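I set out to look up the packing, the open space and the cysteines of one model. My entries follow in the order in which I made them.

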Amino acid sequence: MNNRDGNSTQQMEEKRPKPVFFWNNTDVMKWLKRHCGEYYDLYYQQFVEHEITGRSLVRISDVTLQRMGISDAQHRDDICRIIYKLKLKSEILEMKDLEKKVYNAATYE
C-alpha cells in the first residue's frame with residue numbers, strides 16, 4: 001500500500017526511529033546533544049556515569065536530575081521539559097501503532 005508521497009507503508013515503518021524504550025546510553029547521548037545542546041557540555045558526564053538509557057530517561061524527574069548532580073533548578077526544569085516532550089512524542093507513536101494493529105486485526109477478521 002502506498003501513501004500520498006508514493007512510499008509504501010513498510011518503507012515508512014522502516015524509517016521510524018528506534019523506540020526510546022530500546023535506546024542505549026549512546027542513543028541517549030545523541031539525543032541529549034541534539035535536544036539539550038546548551039546543557040550537553042555541562043551534564044553529559046552525569047548521563048554517562050549513571051548509564052542513562054531510554055528506559056531510564058523517560059522516568060527521570062527533577063529529583064533524579066538533582067541526585068545526578070544537576071544542582072541548577074532552571075537547568076533541571078528545562079531538561080525535564082524536553083524529556084517530557086520526548087516521552088509524549090514516544091507515547092503518541094505507541095498509540096498510533098496500537099491503533100494500526102487494532103485496525104488491521106478488525107480488517108482481516
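Entry 1. I began with the contacts of Ile60 in this predicted model. Leaving aside residues up to four places away in sequence, I found that Ile60 touches Phe47, Ile52, Leu65, Met68, Ile83 and Tyr84.

Entry 2. I then looked up the largest nonpolar core, which has 23 residues. Ile60 is among the members that touch the most other members, together with Trp31, Phe47, Leu57, Leu65 and Ile79. I asked which helices each supply at least two residues of this core. They are helix 2 (25–35), helix 3 (37–49) and helix 6 (73–107). Helix 6 gives the largest share, with 5 residues.

Entry 3. I turned to Gln46, which I located in helix 3. Is Gln46 buried or exposed? I noted a relative accessibility of 14%, so Gln46 counts as buried, the cut-off being under 20%. With residues up to four places away in sequence not counted, Gln46 touches Met68 and Gly69. Met68 also appears in my list of contacts for Ile60.

Entry 4. I next looked up the largest pocket and recorded about 810 Å³ of space in it. The pocket is lined by 25 residues, and those closest to its centre are Lys18, Val20, Trp23, Leu86 and Ser90. I then asked how the residues of this lining divide by character. I recorded 11 nonpolar, 2 polar and 12 charged residues. Helix 2 and helix 6 each supply at least two residues of the lining. The largest share, 10 residues, comes from helix 6. I note that helix 6 also supplies the largest share of the nonpolar core.

Entry 5. Finally, I searched the whole structure for disulfides and found 0. I checked Cys36 and confirmed that it is in no disulfide; its nearest cysteine sulfur, that of Cys80, is 9.9 Å away. A disulfide here requires sulfur atoms within 2.5 Å, so the pair Cys36 and Cys80, at 9.9 Å, does not qualify. Cys80 is likewise in no disulfide, and the nearest cysteine sulfur to it is that of Cys36. I also looked up how accessible these cysteines are. Cys36 has a relative accessible area of 1% and is buried. Cys80, at 6% relative accessibility, counts as buried.

Terms used
Residues numbered from 1 in each chain as written. Predicted model: local features only at pLDDT ≥ 70, side-chain atom pairs only at ≥ 80, totals over all residues. Heavy atoms only, no water. Core = buried A, V, L, I, M, F, W, Y, C linked by side-chain atoms within 4.5 Å. Buried < 20%, exposed > 50% of the residue type's maximum accessible area, 1.4 Å probe, protein only. Helix = DSSP H or I, 4+ residues; strand = E, 2+ residues; numbered from the N terminus. Contact = heavy atoms within 4.5 Å. 1 Å grid on protein atoms, 1.4 Å probe; cavity = no way out; pocket = protein on both sides within 12 Å on 5 of 7 lines; lining within 4 Å. Points joined across faces, edges and corners; volume = space filled by probe spheres on them. Nonpolar A, V, L, I, M, F, W, Y, C, P; charged D, E, K, R; others polar.
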